[in-house]
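Thanks for coming. I will go through one structure this morning, starting with a single residue and working outward.

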Amino acid sequence: ERAAYAALKDLPAETTDGHRVHLMANMAVPEEADALAASGVEGIGLFRSEFLFMDRSTLPDEEEQFAAYKQVAVAFGDKPVIIRTLDVGGDKHLPALELPQEDNPFLGFRAMRISLARPELFLVQLRALLRASAFGRLLIMFPMISHLGQLREAKRLLEQAKAELREKGVAFDEQISVGMMMEIPGACLQADAFAKEVDFFSIGTNDLVQYTLAVDRMNANVADLYSYYHPAVLRLISNVIAASHRAGIWTGLCGEMAGDPLATELLLGMGLDEFSGAASVMPKVKERIRNTSMEKAQQLAEQVLALATVEEVVALLQDKTE
Ligand code: PEP
Ligand code: MG
């Protein structure tokens, strides 16, 4: 089996009728960069920048962040690396920020909400990311956006960071792409409005399932209700992809669902442009893509989107694709 996957490594993620998608990997720490760059993935679809901030009592300064982002940019050369700005709160704690205790942390002060409330910290990260963008091909992604105003404010701060660097004559990628996570149902329903103001979307099914079905992603007592095959979740995903294409931008998916081979043909048929999961599972996803046609995948997606329960969806996918 390993030899078969090795042979797949240099082949494109392309269907039998020539529809090409992109397979990327999620990355947690920069130390993984060299091994991932050599593994055959086309880039990094999600680099969670939290790693730099956690398990320590001080915040990383601009130089430390710059060094870490630059290391990743250099390791991937001209392959794209999507770096997500700080996504803490919820299940991820950060001692240095002294975040308040909250009754509903997943609905509380987390991710972009913290970055926008503390622009002086956010600007440090943005300047570090921009400076690193001169050394490779970085894309910037904002997490947990629900209101258009948050996106606009984040972009305004990004422009401010760019202006500060320009003034000092510091190099960065003037064309750097800016995207947002689609992981809040309200934003997914309003995808057409957001699509006009970003370069790409990346669907975060881990949180999207939690928020759509009101099921805590960490709570074993309700784990049987947590499924990305729920028809409501699938409709949101489909809506996001369709809205992005109408606006001429692309959509990736970086939650666990991207690495589940049972979901591959369905996501392909809904038009997903980029899949980002654990590098170890991506060969299986590639195999699925190379063994079907876009026409078949679209028919499957249409059938699945007409179903009413998780069980029906899973049964059909098993029947059609296994
Ligand atoms: C997600 O929510 O699907 C996601 C990829 O982000 P995280 O798991 O870091 O919340
Ligand atoms: Mg998330």
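**E183 and its surroundings**

E183 counts as buried because 27 other C-beta atoms lie within 10 Å, and the cut-off for that label is 20 or more. Please keep in mind that this is a predicted model.

Where is E183 in the fold? E183 sits in the loop between β5, residues 178–182, and α7, residues 185–189. If we leave out neighbours within four places in sequence, the contacts of E183 are M144, G204, D207 and L208.

One of those contacts, D207, comes up again in the annotation. UniProt, in an unreviewed entry, lists E183 and D207 under "binding site". The two are spread over 25 residues of sequence, yet they cluster in space, with a largest C-alpha distance of 5.5 Å. D207 is part of helix α9. Is D207 buried or exposed? D207 is buried, because it has 23 C-beta neighbours inside 10 Å.

Now the ligand. Which residues surround ligand 1? The shell consists of L46, R48, D87, E183, G204, T205, N206, D207, C254 and G255. Two elements give two or more residues to this shell, namely β2, residues 44–48, and α9, residues 205–213. The largest share, three residues, is from α9. Sorted by class, the shell around ligand 1 has four charged, four polar and two nonpolar residues. So much for E183 and D207, both of which are in that shell.

There is a further "binding site" feature in UniProt, also from an unreviewed entry, and that one covers R48, R84, N206, D207 and R217. I will take R84 from that set. R84 belongs to strand β3, residues 80–84. R84 is classed as buried because 24 C-beta neighbours fall inside 10 Å. Setting aside neighbours within four places in sequence, R84 is in contact with L46, F47, R48, S49, M141 and P143. Of these, L46 and R48 are also listed around ligand 1.

Last, the core. In soluble globular proteins, nonpolar side chains tend to be buried together. Here the largest nonpolar core has 93 residues, and I44, Y69, M180 and V240 have the most contacts inside it. What does M180 touch, beyond neighbours within four places in sequence? M180 is in contact with M141, F142, I145, L151, F194, V198 and F201. M141 therefore appears twice in this talk, because C-beta atoms within 7 Å define a contact and M141 is listed for M180 as well as for R84.

That is the end of my part.

Definitions and conventions
Residues are numbered from 1 along each chain as its sequence is written. Chains are lettered from A and ligands numbered from 1 in the order in which they are written. This is a predicted model: local features need pLDDT of at least 70, side-chain atom pairs count only at pLDDT 80 or more; totals for chains, interfaces and linings use all residues. A nonpolar core is a set of buried Ala, Val, Leu, Ile, Met, Phe, Trp, Tyr and Cys residues joined through C-beta atoms within 7 Å. A residue is buried if 20 or more other C-beta atoms lie within 10 Å of its own, exposed if 12 or fewer, and partly exposed in between; C-beta atoms are placed from the backbone. Two residues are in contact if their C-beta atoms, placed from the backbone, lie within 7 Å. A residue is near a molecule or strand if its C-beta atom, placed from the backbone, lies within 6 Å of it. Helices (H or I, at least four residues) and strands (E, at least two) are DSSP runs, numbered from the N terminus. Ala, Val, Leu, Ile, Met, Phe, Trp, Tyr, Cys and Pro count as nonpolar, Asp, Glu, Lys and Arg as charged, and the others, Gly among them, as polar. UniProt positions are given in the numbering used here, feature names are shortened, and annotations may be inferred rather than shown by experiment.
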